[in-house]
Amino acid sequence: MRIVSGIQPTGNLHLGNYLGAIRNWVKMQDDMAAQGGQSLYFLADLHAISMPHDPAELAANTREMVAALVACGIDPDRSILFNQAQVPQHAELQWLLNGTARMGWLNRMTQFKDKSGKNREGASVALFTYPVLQAADVLLYQATHVPVGEDQKQHLELARDIAQKFNNDFATEENPVFTLPDPIIPPEAARIMSLRNGTAKMSKSDPSDMSRINLTDDADTIMQKIKKAKTDPEPLPSEKAGLEGRAEAANLVGIYAVMAGTTVEAVLSEFGGEGFGKFKPALGELLVSKLAPINHRFVELRQDRPALDAILKKGAEKARALAVPTLDRTYDALGLVRG
Ligand code: TYM
């Protein structure tokens, strides 16, 4: 088994990233270490330039994200932790796969529609071809499993389509060039929603910082954000069915359940009939107690820039070594002569 996944270093790590993806990264890293498999986790800095960005901020966020991931439990000695920019094989493979990806496939990607909005003509070409780079990210390493949140499912399906078409067009069934990767999406935290709007996902690009819990938030900030989170005036139901049509309440109860390592049913059997005046402080305290150790480690690590750069350098060396054989096979399969 080979696990590969990435995150954009465009801002703070938030609770959606943590519950939807990073928790699984840590778990799978530990499983892989026990089973002799491999886990590769990277910062998708090449993806980050698909939207307008500030170069100094991108560089600072890249290092901060390394510190945040290590604080969450990613161990650079057990996982390969790196950034795309130091492994040029990602961009190279993307170009080779551009010959296989179809315009019609990319036109169906909801992320491009969401992010370009009404300004399709003004969107960058990188935003449109973003999913092809994402396919290259995982196909380059023959990933078998990709732990992500629900919002990345469509991109993973595209990666499978590209791999399948490339194998059909340029390889044989007995000797395919690419492995078809399977997404791993945690059922209980597939989609953590905004604290201000239960129908929008929690996201770094939301202009309101009150919409998300950042893993770098201190205790007061977390308590404040949960206190101000949007809810409805009804008390919590005692049964799960009672959460239907109550997106904000369902989101908060779901977060509580995942953070406490229990089920939504168990949370409702404890808090059913109570108002948010009682539930919110309990949720805030739970978050503070679970996130405080991560926060402390992050604050320490983020100051050591040489150590963070050394982690990325070492990870990139290992990633490049794993990437080269697949890239060589891709060039050969396409009939590209390289001497
Ligand atoms: P990104 O940086 O937006 O998010 C990183 C991971 O966090 C998950 N996630 C969520 N899960 C549940 N609820 C939420 N509200 C939430 N918000 C984010 C995402 O699903 C993701 O797993 N395109 C990717 C980065 C990427 C990648 C890849 C991922 C580039 N190449 C190859 C996997 C494989 C992205 O922008 O994720």
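A polar contact is a pair of N or O atoms within 3.5 Å. In this predicted model, one such pair joins the ligand to Asp151: an oxygen atom of the ligand is 2.4 Å from an N or O atom in the Asp151 side chain. The side chain of Lys204 also takes part, with an N or O atom 3.3 Å from an oxygen atom of the ligand. Gly16 contributes through its backbone, where a polar atom is 3.2 Å from a nitrogen atom of the ligand. The protein covers 97% of the 710 Å² of accessible area that the ligand has on its own.

It helps to look next at who the neighbours are. There are 28 residues around the ligand, and Tyr130, Asp137, Gly149, Asp151 and Ile192 come nearest. By class, this shell has 12 nonpolar, 11 polar and five charged residues. Strand E1 (2–7), helix H1 (15–35) and helix H7 (125–139) each supply at least two of the shell residues.

Side chains of opposite charge can pair when their charged atoms come close. The model has 19 salt bridges. In one of them, Arg78 meets Asp30 at 2.9 Å, N to O. This pair links distant parts of the chain, 48 residues apart: Asp30 belongs to helix H1, while Arg78 sits in the loop between helix H3 (55–72) and strand E3 (80–83). Arg78 also forms a salt bridge with Asp75, at 3.5 Å between the closest N and O atoms.

Another salt bridge joins Asp232 and Arg246 at 2.7 Å. Both lie in the loop between helix H9 (219–228) and helix H10 (247–260), so the pair ties together parts that are 14 residues apart in sequence. Arg246 counts as buried because its relative accessibility is 13%, under the 20% limit.

Note on methods:
Residues are numbered from 1 along each chain as its sequence is written. This is a predicted model: local features need pLDDT of at least 70, side-chain atom pairs count only at pLDDT 80 or more; totals for chains, interfaces and linings use all residues. Side-chain values use heavy atoms; hydrogens and water are left out. A residue is near a molecule or strand if one of its heavy atoms lies within 4 Å of it. A polar contact is a pair of N or O atoms within 3.5 Å; within protein, one must be able to donate a hydrogen and the other to accept it, and residues adjacent in sequence count only if both atoms are side-chain atoms. Accessible areas come from the Shrake-Rupley method with a 1.4 Å probe; for residues, only the protein chains shown count as cover. Helices (H or I, at least four residues) and strands (E, at least two) are DSSP runs, numbered from the N terminus. Ala, Val, Leu, Ile, Met, Phe, Trp, Tyr, Cys and Pro count as nonpolar, Asp, Glu, Lys and Arg as charged, and the others, Gly among them, as polar. A salt bridge is a side-chain nitrogen of Lys or Arg within 4 Å of a carboxyl oxygen of Asp or Glu. Buried means under 20% relative accessible area, exposed over 50%, partly exposed in between (1.4 Å probe, protein chains only).
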